Amino acid sequence: MTESKPTKRLYIETAGCQMNILDSEMVVASLRRQGYELTNSAESADTILFNTCSVREHTEEKTYNHIALLRDLKRSHPEKIVGVMGCMAQKDQQLVFERAPFVDLVVGPGQLHSISGLLEKINAGAGRQMAVSLGRRDGNQDDIRRSHESFDPLRDPTMRPTPYQAYLRIQYGCDKFCTYCVVPMTRGPEQGRSPEQIYAEARQLADQGCKEIVLLGQTVNSYKYVEGSCVTRLADLLETIHEIDGICRIKFVTNYPKDMSIELLQTVRDLPKCSPYFHVPAQSGSDAVLARMKRGYTVSDYMAMMERIESTIPQAAVASDFIVGFCGETDEDFQQTLDLAERCRFKNSFIFKYSVRSGTKAAQLFPDDVPEHVKQHRNIELLELTNRIAEQENSRFIGNKVEVLVEGPSKLSLRRDDIGPMRQMTGRSRCDRIVVWEGNERQAGQLMPISIHDSNVHTLFGSVPTQQFSRDVYAMPLVANRRVDA
Ligand code: 5AD
Ligand code: SF4
């Protein structure tokens, strides 16, 4: 009789952006191949990993607090391994061990391929391990680049919240160096993955039944891959991925305003699988603030980009990020941000209070001089405005059909523990709006029309259409200055 290797149990907590969600998927998939199995609590795990975000101090402090909660567990079970991965690991390095002395492992986002080997070493009694990439001034460009390795091993559909959608990394790192942002330090230089690798991964995802691919990059529309005299850009990738049978939708996030070229927009317009949805953070509506942020564009550049989007793809939905209370932001600057939000009518906006990040240019150059209560007040005011606009934009769908890619039962349905065949189902429209309706689980993974009869700021509510219900959205007239998207 052969003895089977005991399964190790892994618990992982993920903070931050889509890149981190994808990194966690990759790490879990590769550890599963080493015999690990996912478990849903730290108590039941042998290995506990925190995938961390450094973009704001608040998120980091929350993570350190979560890690600290494990102190007693680790004391009573010293054999459990606690690891910190992601941007905070890269940024804080040794400091993680100082702040949480029971942590066994620190791994930056550019070194994730080494996790399984490091876990083996720790299990074998080698003690604490750390693997981080070089800093932006710690060597020559090639060495720095090589130390930030893209970790994109074989894809495992069981690791995704739904097998029908997947993130696909096309670009690593960032070279924009916005003065407030820590990402160029934690994720290193911008590097495009090769078109061949991207295409092969997209095919693999399609073979696994994936219908929607979301291409990821910190500034995804700046993607560029040069090989000899051949330059590949995002529009070229969209064209090749569009050819893959089984893929029905392609999205890409996050975009950099200056690189939203007319060629890219025309490609999105002309390829029916491309979603008319663009997340293009504006960050501020004041030229003075944008200049201090070193964003590389003015308000009128941003508005010209919005014009380009609207004239090329009238039904497009645009989402934004804003930072309020950046160094030196006056009431007038903030008013200009409100004006920009009013003019752009974003589908949704993510709003952040400025948080000083050590190692950034802003931390060196500008005092963090907007008081916390003013940041708080501006956050609330901008959120109220952007939510009001999002609600108005959503209400324009009432009485129309949208095409939804069904993800599965909604969170509410899972919480209520629905019995019987009916479930509240959820999915997203082509323009990335969340849609819910009463359906059944067999709909998961389908592309289907849903008739919308109600909406709020975040959600469209609908039902499976009966034959005679509702107008056809493709024949819809212009509403206000924009067409409602399918
Ligand atoms: N403080 C506050 N918000 C920040 N962001 C990035 N860096 C900071 C910071 N130091 C926001 C930006 C970015 C989003 C991911 O996080 O709006 O688009
Ligand atoms: Fe950070 Fe600016 Fe790069 Fe976005 S573009 S990741 S905000 S440096």
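Mentor: Two strands are taken to pair if DSSP finds at least two bridges between them, and we shall apply that rule to this model, which is predicted.

Trainee: How many bridges join S20 to strand S21, and in which sense do the two run?

Mentor: Strand S21 covers residues 459-463, and 4 bridges join it to S20 in an antiparallel arrangement. To see one place where they face each other, find Ser455, which stands opposite Leu460 in S21. With 3 residues between them, S20 and S21 form a hairpin.

Trainee: Which residues make up S20, and over how many bridges does it pair with strand S17?

Mentor: S20 spans residues 447-455 and pairs with S17, residues 401-409, over 5 bridges, again in the antiparallel sense. Look at Leu405, whose bridge partner in S20 is Leu447.

Trainee: Turning to the interior, which residues touch the most other members of the largest nonpolar core?

Mentor: The general idea is that in soluble globular proteins nonpolar side chains tend to be buried together. Here the largest nonpolar core has 65 residues, and those touching the most other members are Leu215, Leu238, Phe278 and Tyr302. Helix H13, residues 299-312, supplies the largest share of this core, with 6 residues, while domain 2 (160-275) and domain 3 (277-395) each give at least three residues to it.

Trainee: What is Tyr302 in contact with, leaving aside its neighbours within four places in sequence?

Mentor: Its contacts of that kind include Pro257, Val280, Tyr297, Leu340 and Phe346. Apart from this core lies another, of 41 residues, among them Met26, Ile81, Val107 and Phe397.

Conventions: Residues are numbered from 1 along each chain as its sequence is written. Chains are lettered from A and ligands numbered from 1 in the order in which they are written. This is a predicted model: local features need pLDDT of at least 70, side-chain atom pairs count only at pLDDT 80 or more; totals for chains, interfaces and linings use all residues. Side-chain values use heavy atoms; hydrogens and water are left out. Helices (H or I, at least four residues) and strands (E, at least two) are DSSP runs, numbered from the N terminus. A nonpolar core is a set of buried Ala, Val, Leu, Ile, Met, Phe, Trp, Tyr and Cys residues joined through side-chain atoms within 4.5 Å. Buried means under 20% relative accessible area, exposed over 50%, partly exposed in between (1.4 Å probe, protein chains only). Domain bounds come from an automatic or database domain assignment. Contact means heavy atoms within 4.5 Å.
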